[in-house]
Amino acid sequence: HYYRFDEHVLLCLEKQGSGKDKSKHILQHKYVRCSVRAQIHHLRRVLCRRLELPLVLVLFDNAPVPDSMTLKQLWLSCWFGKPAPLLLHYSVKEKRR
Amino acid sequence: QEEDEQDSDRFVFEFSDKQLLPCYNLQVSVSRGPCNWFIFSDVLKRLKLSSRIFQARFPHFEVATLPKAEFQHQLSLSQVLAPEEIQEHMVPPGAAETVELVRYEPELVRLLGSEVAFEAWSS
């Protein structure tokens, strides 16, 4: 069964926190659609590439989401019955200068 | 060969700066499995095109028709659609209506202004 035939979910990714870095590493395209079978580590990898950063964490309700969790599990446990998109946050780690 | 297999089954991530058009996982005929479809009129509205011009310009995009009742039934089986999103497409019983759909594919999504990223299952 190909992933491209999977049911999709809609996500909205907002950057976590504020402070002096507020305008840095903001995702220009924050609305994301992907397969219900994609796992959090797939999403993290795509985000790392887009933001050109070594580490991006995905959070729901201020808590990091486990890497092996699929988006369907996340949806059913956190967002069941609510309209799309599922709101997630991300936090970034840069190398210290 | 190996690369081909990877290519044929990677995750597609679609990124956009505006709200994405909803798409629905539907089985449009008994002879094939479910896949993803946009509502044709949503796509035309966003592209500001008429159906005739769209189909003349992009004859390779697949368009299908589903009876509205069947469309609603399949929507109601989804676990990731909210009741109000299903409700949106309800019509009074008895109304003989159909829904026109256009198949979800990366090329169409790019046309709608999204960026597409691929990610292999493992790597």
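## Chain B, its interface with chain A, and selected residues

Within chain B, residues 24 or more positions apart account for 67% of the contacts that have a separation of 6 or more. This is a predicted model, and the description below begins with chain B, passes to the interface with chain A, and ends with single residues.

Chain B contains six helices and six strands, and, read from the N terminus, these elements follow one another in the order α-β-β-β-α-α-β-α-α-β-α-β. The chain has 123 residues, of which 44% count as buried. The area that chain B exposes is about 6900 Å², and carbon and sulfur atoms supply 50% of this area.

The size of an interface is often given as the accessible area lost when the parts come together. For chain B and chain A, the area buried between them is about 3400 Å², with 55% of it on carbon and sulfur atoms. On the side of chain B, the residues that lose the most area to chain A are B:Phe11, B:Phe15 and B:Val80, which together make up 21% of what that side buries. In terms of contacts, 38 residues of chain B meet 39 residues of chain A.

Polar and charged pairs also link the two chains. There are 18 residue pairs in polar contact across the interface, counting pairs in which both residues have pLDDT 80 or more. The side of chain B that touches chain A draws two or more residues from each of β1 (11-16), β2 (23-26), β3 (35-39), α5 (83-87) and β6 (115-119) of chain B. Of these elements, β1(B) gives the most to that side, with six residues. Sorted by class, the side of chain B that touches chain A holds 19 nonpolar, nine polar and ten charged residues. The number of salt bridges between chain B and chain A is four, and one of the residue pairs forming a salt bridge is B:Glu14 with A:Arg33, whose closest N and O atoms lie 2.7 Å apart.

Two residues of chain A show how buried positions are surrounded. A:Ala38 is placed in the loop between β2 (31-35) and α1 of chain A, and it counts as buried because its relative accessibility is 0%. Leaving out residues up to four places away in sequence, A:Ala38 touches A:Met69, A:Thr70 and A:Leu71, and also B:Phe11 and B:Phe13 of the other chain. The C-alpha atoms of A:Ala38 and A:Lys72 are separated by 8.2 Å, although these residues are 34 residues apart along the chain. A:Arg44, in helix α1 (residues 40-51) of chain A, is also buried, since its relative accessible area of 16% falls under 20%. Its side chain makes a polar contact of 2.9 Å with the side chain of A:Asp67, and, beyond neighbours within four places in sequence, A:Arg44 is in contact with A:Leu55, A:Val56, A:Leu57, A:Val58 and A:Asp67.

Some backbone features of the loops deserve a separate note. A cis peptide bond, with omega about 0 degrees, joins A:Ala84 and A:Pro85, and A:Pro85 is found in the loop between α2 (71-78) and β5 (86-93) of chain A. The table lists two residues, neither of them a glycine, that have a positive phi.

| Residue | Phi | Loop | Relative accessibility |
|---|---|---|---|
| A:Asp61 | about 55 degrees | between β3 (55-60) and β4 (63-64) of chain A | 63%, exposed |
| B:Lys48 | near 55 degrees | between α2 (40-47) and α3 (51-57) of chain B | 75%, exposed |

Methods
Residues are numbered from 1 along each chain as its sequence is written. Chains are lettered from A and ligands numbered from 1 in the order in which they are written. This is a predicted model: local features need pLDDT of at least 70, side-chain atom pairs count only at pLDDT 80 or more; totals for chains, interfaces and linings use all residues. Side-chain values use heavy atoms; hydrogens and water are left out. Helices (H or I, at least four residues) and strands (E, at least two) are DSSP runs, numbered from the N terminus. Buried means under 20% relative accessible area, exposed over 50%, partly exposed in between (1.4 Å probe, protein chains only). Contact means heavy atoms within 4.5 Å. Accessible areas come from the Shrake-Rupley method with a 1.4 Å probe; for residues, only the protein chains shown count as cover. Buried area is the accessible area (1.4 Å probe) that two parts lose on being put together, summed over both. A salt bridge is a side-chain nitrogen of Lys or Arg within 4 Å of a carboxyl oxygen of Asp or Glu. A polar contact is a pair of N or O atoms within 3.5 Å; within protein, one must be able to donate a hydrogen and the other to accept it, and residues adjacent in sequence count only if both atoms are side-chain atoms. Ala, Val, Leu, Ile, Met, Phe, Trp, Tyr, Cys and Pro count as nonpolar, Asp, Glu, Lys and Arg as charged, and the others, Gly among them, as polar.
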